[in-house]
Amino acid sequence: MSQQTPAPIHVVGAGLAGSEAAWQIVSRGIPVVLHEMRPRRGTEAHKTGGFAELVCSNSFRSDDHENNAVGLLHEEMRRAGSLVMSSADANKVPAGGALAVDRDGFSDNVTQTLRAHPLVTVVEDEVDGLPPEEWGSVIVATGPLTSPALAEAIRSRTGAASLAFFDAIAPIVHFDSIDMDKAWFQSRYDKPGPGGTGADYINCPLDRDEYEAFVDALIAGDKTEFKDFEKTPYFDGCLPIEVMAERGRETLRHGPMKPVGLTNPRNPTVKSYAIVQLRQDNALGTLYNMVGFQTKLKYGAQGDIFRMIPGLEKAEFARLGGLHRNTYLDSPRLLDPVLRLKAAPHLRFAGQVTGCEGYVESASIGLLAGRFAAAERLGSTAAPPPPTTALGALLGHITGGHISAETEGAPRSFQPMNVNFGLFPPVEIPKEPGRRLRGNEKTIAKRQAICRRALADLAGWLG
């Protein structure tokens, strides 16, 4: 007696995440109905009807899996049987230590592989509302340009504040790159707040000359413009810092850089002219975001200007700032550890709509969603990858690693992020007898130890 074919899983969106999710599912012998509205209906960013179209750069960034977090994610995905990575490897072009691809060849490879698979049914239509319950298991992987109708349906089901359409991103700094000989911990007026201690912010002081030079640099800095399709309006709660500076030289001192209620313990009798505050951004305490520092400065300018701030001269950024249209869920509140919508568990989400940034990151969350959905369809349970892996660290950021994830009434602060070493649990660096690591040597050793641990733990997860 032949084994009955499982019921299909529906995947909405054939971008990087949706394509990867579909591949993971059919690789386990389960049919997929893949819904893609292009080419019947285009978007402002896409140019073709191909799957996994790269709408911006053709680079997947560093491919160094021994020293770089995204390179580690590449390697983990390869070991997990990723279609996106095999297609990228088959279509790579010279790019030094980075993995860059022929974008047309890459998309064609993904498209042809999925369209030719006997378990894949492609439906060229727009899903303009929440998928019907009779579809059963569904993965929604519609990206940052989710159609307005579907976005509104998601928001209606999950609550008015659950979906962001306007992404105001402040830079995030690795804690261990902040000079704590100049900065100090203190909350304004020493107020502890919910779950706080009264010393919950890192404070970087500026004197008048430093502040004036900083404002001059902000005003003169090279800035990006909104894309035509974004049409994102500024509003007073999310003004870019350079726009605030242009409105008056003292504006920042009465806004995100106000010095009131704070005392520098190293020089308590002298009042700082302005202060930049950084707030803890993840549960591990390895990442801190610059409060109120959303910006349209170009990335190169951001690094140069923000390192003018005392205490941040050697800052390493896990993410630089931005301000653009985006659509993503408040995932730590809305999704469970295997990417199911808590309010409707037959729906999973994957890709940038969950709150990750980057091609490979989006595809990796599609990979996980596909594996989780496939295991569930086959009557088993797929455990999330260990938090020590790149896959697990990124999943943890999305579904539970954010410090305000379960704080009722807390302001929305979860924002999209690329994979980076700040998302991983700390690691002990093996000590060499008679040798003490210093400076950059210690940083390199720590990253390599994280990568070795990740691949060892991934092997156990993959079985």
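**A walk from one strand pair to two enclosed helices**

Let's start at a single spot: V140 stands opposite F349 in strand 17. Bear in mind that everything here comes from a predicted model. The V140 spot belongs to a bigger arrangement, in which strand 7 (residues 138–140) and strand 17 (residues 344–349) run parallel to each other and are joined over three bridges. As a quick reminder, strands in a sheet pair through backbone hydrogen bonds, in either the parallel or the antiparallel sense.

Now step back to the sheet. Strands 7 and 17 are neighbours in an open sheet of six strands, ordered 6-2-1-7-17-16, and the pairing in it is mixed. At the edges sit strand 6 (120–123) and strand 16 (340–341), each with pairing on one side only.

What lies across this part of the sheet? Helix 10 (residues 359–377) does, covering strand 1 (9–12), strand 7, strand 16 and strand 17. Relative to strand 17, helix 10 runs at about 145°.

Helix 10 also leads us to the next stop, since helix 10 is one of the elements that the buried residues of helix 11 pack against. The other partners are helix 2 (69–79), helix 9 (331–334) and helix 12 (439–462). How much of helix 11 (residues 390–399) is buried? Nine of its ten residues are, so helix 11 is largely enclosed by the rest of the structure. If you want to pick them out on screen, look for A390, L391, G392, A393, L394, L395, H397, I398 and T399.

Helix 2, one of those packing partners, tells a similar story. Nine of its eleven residues are buried, so helix 2 too is largely enclosed by the rest of the structure. The buried set includes A69, V70, G71, L72 and L73, and it also takes in H74, E75, E76 and M77. Have a look at both ends of helix 2 as well. At its start, a side-chain oxygen of N68 comes to within 2.9 Å of the backbone nitrogen of V70. Just after the helix, G81 adopts a positive phi of about 75°.

Finally, zoom out to the whole protein chain. The chain has twelve helices and 17 strands, and 53% of its 463 residues count as buried. Among contacts with a separation of 6 or more, 70% come from residues 24 or more positions apart. As for the surface, the chain exposes about 20,100 Å², with carbon and sulfur atoms supplying 52% of that area.

Technical notes:
Residues are numbered from 1 along each chain as its sequence is written. This is a predicted model: local features need pLDDT of at least 70, side-chain atom pairs count only at pLDDT 80 or more; totals for chains, interfaces and linings use all residues. Side-chain values use heavy atoms; hydrogens and water are left out. Two strands pair if DSSP finds at least two bridges between them. Helices (H or I, at least four residues) and strands (E, at least two) are DSSP runs, numbered from the N terminus. Contact means heavy atoms within 4.5 Å. Axes are lines fitted to C-alpha atoms, for helices over the stretch in contact, and angles run from 0 to 180 degrees between N-to-C directions. Buried means under 20% relative accessible area, exposed over 50%, partly exposed in between (1.4 Å probe, protein chains only). Accessible areas come from the Shrake-Rupley method with a 1.4 Å probe; for residues, only the protein chains shown count as cover. A polar contact is a pair of N or O atoms within 3.5 Å; within protein, one must be able to donate a hydrogen and the other to accept it, and residues adjacent in sequence count only if both atoms are side-chain atoms.
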